Amino acid sequence: METTEPARHNTLFPNVLAGLIIGFTEIIVAVSLASLVFSGTMNSYLARGIAAMLVTVVVHLVITGLFSSFKNAISSIQDNPVVVLSVSVVALLGSNPLASDELFATVIALILTMTLLTGVFLVLLGTFRLGGLVRYIPYPVIGGFLAGTGWLLAQGGIGSMISYPLNLTTLGNLFAADQLGLWFPGTVFGLLLFFAVQRLNHWAVLPAMLLGGLVLFYVVLLFSGTSIEQAIANGLLLGNLGDRSIWQPLPLGELTQADWGAI
């Protein structure tokens, strides 16, 4: 009897498709979280912040893909630590008036310090096998942290759309005619995204809705007769990020300008 070897499935296309979907999603996540950290006083450094977030995503994905013992693992920047980071940046800048040449260097130095301390802490947990300590974290602490970071994400997300801090004193401004169109569509899209991911248990829901949101945005611009320049002027797009590379590694000498005492 003649036997034939089972045909091998071609995994190249699924892997390439998965890589494109992950990359597309991570770009949107990186830009969104960068706008959360580099807002307000730091808004002029948003382009460099986006570049730093994108490079961070690449480093995460490459290191995880090469060295993870679980080959299907995908790492990504996370929203909860970024919320803690953004709160730290606000607290740092609020209590320490900094000169313009110190501002960016101090925030980058803060990010570096928090990153290194987090890494050292996790290495110590693994080395001394102390991961079981998480069993002693009370549920009220876990739930309170998640609720608090969720609120800060919502507050920061709406604040990034309206370009001014959202708090009790500015809450009434949301319903002004010139502000309603800035935050209401994004809020509706966020709610639709939340309920769709909860109800439809499929990997394609999130990237499909993100892509659909992008397409719908430009379709509305087209039919409303709004140009790209008008959308930028109205605060609907980031605008011009410059005609040169936004990825500029921070020279070590520039870190000497950071206010390490404030950190």
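Gly 131 is partly exposed, with a relative accessible area of 42%. In this predicted model, Gly 131 lies in the loop that joins helices H4 and H5. Its C-alpha atom is 35 Å from that of Pro 14, and the two residues are separated by 117 positions in sequence.

The loop between H4, which covers residues 100–127, and H5 also contains Arg 129. Most residues other than glycine have a negative phi. Arg 129 is not a glycine, yet its phi is positive, at about 50 degrees. With a relative accessible area of 76%, Arg 129 counts as exposed, because the threshold for that class is over 50%.

The protein as a whole contains nine helices and zero strands. Read along the sequence, the pattern is accordingly α-α-α-α-α-α-α-α-α. The C-alpha trace spans about 80 × 60 × 45 Å along its principal axes. Of the 263 residues, 23% are buried. The protein exposes about 18,000 Å², and carbon and sulfur atoms supply 69% of that area. Among contacts with a sequence separation of 6 or more, 63% involve residues 24 or more positions apart.

The packing of the helices may be considered next. Two packed helices are described by the angle between their axes and the distance between the axes. Helix H3, residues 79–95, packs against helix H5, residues 139–162, at an angle of about 70 degrees, and their axes are 10 Å apart. H3 is therefore roughly perpendicular to H5, since angles of 65 to 115 degrees fall in that class. The crossing of H3 and H5 is left-handed. On the H3 side, the contact is made by Asp 79, Asn 80, Val 83, Val 84 and Val 87. H5 contributes Phe 145, Leu 146, Thr 149, Leu 152 and Leu 153. Sorted by class, the contact of H3 with H5 comprises seven nonpolar, two polar and one charged residues.

A second pair is formed by helix H6, residues 177–199, and helix H7, residues 205–224, whose axes come within 10 Å and cross at roughly 160 degrees. H6 is therefore roughly antiparallel to H7, because an angle over 145 degrees places a pair in that class. The crossing of H6 and H7 is right-handed. Phe 189, Leu 192, Leu 193, Ala 196 and Val 197 of H6 meet a set of H7 residues consisting of Val 205, Leu 206, Met 209, Leu 210 and Gly 213. The residues in the contact of H6 with H7 divide into nine nonpolar, one polar and no charged. The polar member is Gly 213, because glycine is counted among the polar residues.

Two of these H7 residues, Leu 206 and Leu 210, also touch a residue of helix H1. That residue is Thr 25, which is found in H1, residues 12–37. Leaving aside residues up to four places away in sequence, Thr 25 touches Leu 206, Pro 207 and Leu 210. Its relative accessible area is 10%, so Thr 25 is buried, the limit being under 20%. By contrast, Arg 129 in the loop between H4 and H5 is exposed, and Gly 131 in that loop is partly exposed.

Conventions: Residues are numbered from 1 along each chain as its sequence is written. This is a predicted model: local features need pLDDT of at least 70, side-chain atom pairs count only at pLDDT 80 or more; totals for chains, interfaces and linings use all residues. Side-chain values use heavy atoms; hydrogens and water are left out. Axes are lines fitted to C-alpha atoms, for helices over the stretch in contact, and angles run from 0 to 180 degrees between N-to-C directions. Helices (H or I, at least four residues) and strands (E, at least two) are DSSP runs, numbered from the N terminus. Angles under 35 degrees count as roughly parallel, over 145 as roughly antiparallel, 65 to 115 as roughly perpendicular and the rest as oblique. A crossing is left-handed if the near helix is turned anticlockwise from the far one by less than a right angle, and right-handed if clockwise. Contact means heavy atoms within 4.5 Å. Buried means under 20% relative accessible area, exposed over 50%, partly exposed in between (1.4 Å probe, protein chains only). Accessible areas come from the Shrake-Rupley method with a 1.4 Å probe; for residues, only the protein chains shown count as cover.
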